[in-house]
Amino acid sequence: LTSKLPSSGTTIFSVMSALAAEHRSVNLGQGFPDYPMNQELIAKVNEAMYNGFNQYAPMQGYLPLREVLAQKIKFLYGTDINPDSQITITPGGTYGIYTSLTTVLQPGDEVIIFEPAYDSYVPNVLVNGAVPVLIDLQFPEYKINWEEVRAKITPRTRMIMINTPHNPTGSVLSENDITELRKTVEGTNIFILSDEVYEHLIYDNIPHQSILRYPDLVERSFVSFSFGKLYHCTGWKLGYCISSPELMKEFRKVHQYNCFSCHSPSQVALSEFLQNKDSYLRLSGFMQAKRDLFHSLMAGTRFTAMPSYGSYFQCYQYHRISEESDHAFAVRLTKEFGVTPVPVSAFYQNGKDHKVIRFCFAKKDETLEKAAELLMKV
Ligand code: PMP
Ligand code: GLN
C-alpha cells in the first residue's frame, strides 16, 4: 500500500487521552466536557426513537431542523439562509470541513491554512491531492498578517481556511479581519472555508464574526458547525454545513455517496430543542465562568496565561518552570503531576515549539479545582 498520508501518525488527541487514562491523570487535553449534557435533550432523543424516527433521515437532513437553524441564523446574523438549498446536516464539524474540501479541490490546488491549526485540516487537504500553504499566526497574539496572506496567493490558490474562535489558541477574528479577508478574495475565484464550531463560545461580549453575517462572502464560502460543541455532546458527532445554493448542490453530491444521511432521532430532538433560544444564548456565559474560574485558580501557579477570547481552550507558557519541549513537558505533567494538557507544537506541521501548552476548561468546577491544585506543585 502506498500511504495517502505518509507523514500522519495518530492524532495528538488520542495520544494524550490514552496517556491520561494510563496514568489516571486529570485530562484537560482532548477537548470535551466531563459534565452531563442537558437531560431534556436526551429525553427528546428517546422520545423521537419511541415515536418511530428510526429510519434514514433525508439526505440533506431533517427539514424542521434545517428550518430552525435558518431562523437561528437570521436571528443572530441577520442573513436569510434557505433551509432547502443552503444547509446540510453532517456527522460533525470535521466531516463538514472534509466534505467542503473534497467538493472543490482538484489535485495541485493550493489551500491557505493558518498555524497552529486544528489537526484535521492539513491531512484533509493532502488526501485530496491538494497542497497546504501554511502561514503562521503571529506569535504570541496569534493574529493573521494579511499582507503575508496576499503575498502567498498564486493562480493555484483555491481556498482560504479560517477558524474563529480558534482552536487551540482561543484567539478570535475581528471585523477588520473580515474586511481584510474580503479585500484578499475580491476579484478572485478563491473559496473560503470557515470553521465556526465554537460560534457560541466567545467571551467578554465580543461579537462572533461569522461569515454568515456577510451575504457577499457566503456566496464563496462553506461554514462548518458542530452540535457536539453547542450542546456538550461531542460523542454525538453531529453538525451542519452552510453554503451558497450553487456550492451546496456540489457538496451534497459528495455527501450523498459518503454518509448519505445522519442519525435521525437526534435531528428530530434538536429541531425541537433549538426552538428555545436560551439553549444557545446561555452557552457563552456558562463557559466564560469556567474560563474565569480556571484563570483565577491558575493565578497561584508558575504558568503564564495567554489570553483566551473564545473556544474552550486556554493556553499557557511555562518558561518560568522549564525549558523542555512542550511535548516532553506535557508528558511529564501527566506522569509526575497528574494533569494532562496538549502540546501546541502538535498543531504545526513542522512541530514549531513556542513552548505553549493547551488546557481544556470545559470541565466540572471540581475538575478544574483539582487540576489547579495539582499544577500548584509544578
Ligand atoms: N473544528 C475544530 C477547530 C474543532 O476543535 C473541532 C472539535 N473537534 C471540530 C472542528 C469538529 O468537531 P466535530 O467533528 O466533533 O463536530
Ligand atoms: N476538537 C477537540 C480538541 O481539539 C478534539 C477533537 C478530536 O478528538 N478529534 O481537543
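I started in a loop today: Tyr142 sits between S4 and H6. I looked up its backbone angle and found phi near 60°, a positive value in a residue that isn't glycine. The loop held something else for me to note, as Pro140 is found between S4 and helix H6 (146-152). The peptide bond leading into it, from Phe139 to Pro140, is cis, with omega near 5°.

**Confidence check.** I reminded myself that this is a predicted model. I looked up the scores before going on: the chain averages a pLDDT of 98, and 100% of the residues score at least 70. For the model I noted ipTM 0.97 and pTM 0.98.

**Another cis bond.** I then went to Asn167 and Pro168, where the peptide bond is cis with omega near 15°. Pro168 belongs to the loop that runs between strand S5 (157-163) and helix H7 (175-185).

**Ligand 1.** Which residues come nearest to ligand 1? I got Gly92, Gly93, Thr94, Asn167 and Ser226, out of 14 residues around the ligand. Sorting that shell by class, I have two nonpolar, 10 polar and two charged residues.

**Ligand 2.** I wrote down the residues around ligand 2 as Thr11, Phe13, Gln30, Gly31 and Asn167. By class I count one nonpolar and four polar residues there, with no charged ones. Asn167 caught my eye, as it is listed among the nearest residues for ligand 1 and around ligand 2 as well. It is also the residue before the cis bond to Pro168.

**The seven-stranded sheet.** I traced an open sheet of seven strands in the order S2-S8-S7-S6-S5-S3-S4, and its pairing is mixed. Which strands stand at the edges? They are strand S2 (87-90) and strand S4 (131-136); each has a single partner strand, so one side of each is left without a neighbour in the sheet. From one strand to the next, the twist averages 20°. I followed the S4 end further: strand S3 (residues 110-115) runs parallel to S4, and six bridges join the two. One pairing I jotted down is Glu115 with its bridge partner Asp136 in S4.

**The four-stranded sheet.** I also have an open sheet of four strands, ordered S9-S10-S13-S12, with antiparallel pairing. Its edges are strand S9 (304-305) and strand S12 (342-343), each of which pairs on one side only. S12 pairs with strand S13 (residues 356-360) in the antiparallel sense, over two bridges. Within that pair, I matched Pro343 to its bridge partner Ile357 in S13.

**Helix packing.** I moved on to the helices. At what angle do H4 and H10 cross? I have roughly 110° for helix H4 (residues 93-104) and helix H10 (residues 245-256), and their axes come within 9 Å. That angle makes H4 roughly perpendicular to H10. I put the crossing of H4 and H10 down as right-handed. Next I took helix H2 (residues 39-50) and helix H11 (residues 264-273), which pack at about 130° with their axes 8 Å apart. I therefore call H2 oblique to H11. The crossing of H2 and H11 is right-handed.

Notes. Residues are numbered from 1 along each chain as its sequence is written. Chains are lettered from A and ligands numbered from 1 in the order in which they are written. This is a predicted model: local features need pLDDT of at least 70, side-chain atom pairs count only at pLDDT 80 or more; totals for chains, interfaces and linings use all residues. A residue is near a molecule or strand if its C-beta atom, placed from the backbone, lies within 6 Å of it. Ala, Val, Leu, Ile, Met, Phe, Trp, Tyr, Cys and Pro count as nonpolar, Asp, Glu, Lys and Arg as charged, and the others, Gly among them, as polar. pLDDT is the predictor's confidence in each residue, from 0 to 100. Two strands pair if DSSP finds at least two bridges between them. Axes are lines fitted to C-alpha atoms, for helices over the stretch in contact, and angles run from 0 to 180 degrees between N-to-C directions. Angles under 35 degrees count as roughly parallel, over 145 as roughly antiparallel, 65 to 115 as roughly perpendicular and the rest as oblique. A crossing is left-handed if the near helix is turned anticlockwise from the far one by less than a right angle, and right-handed if clockwise.
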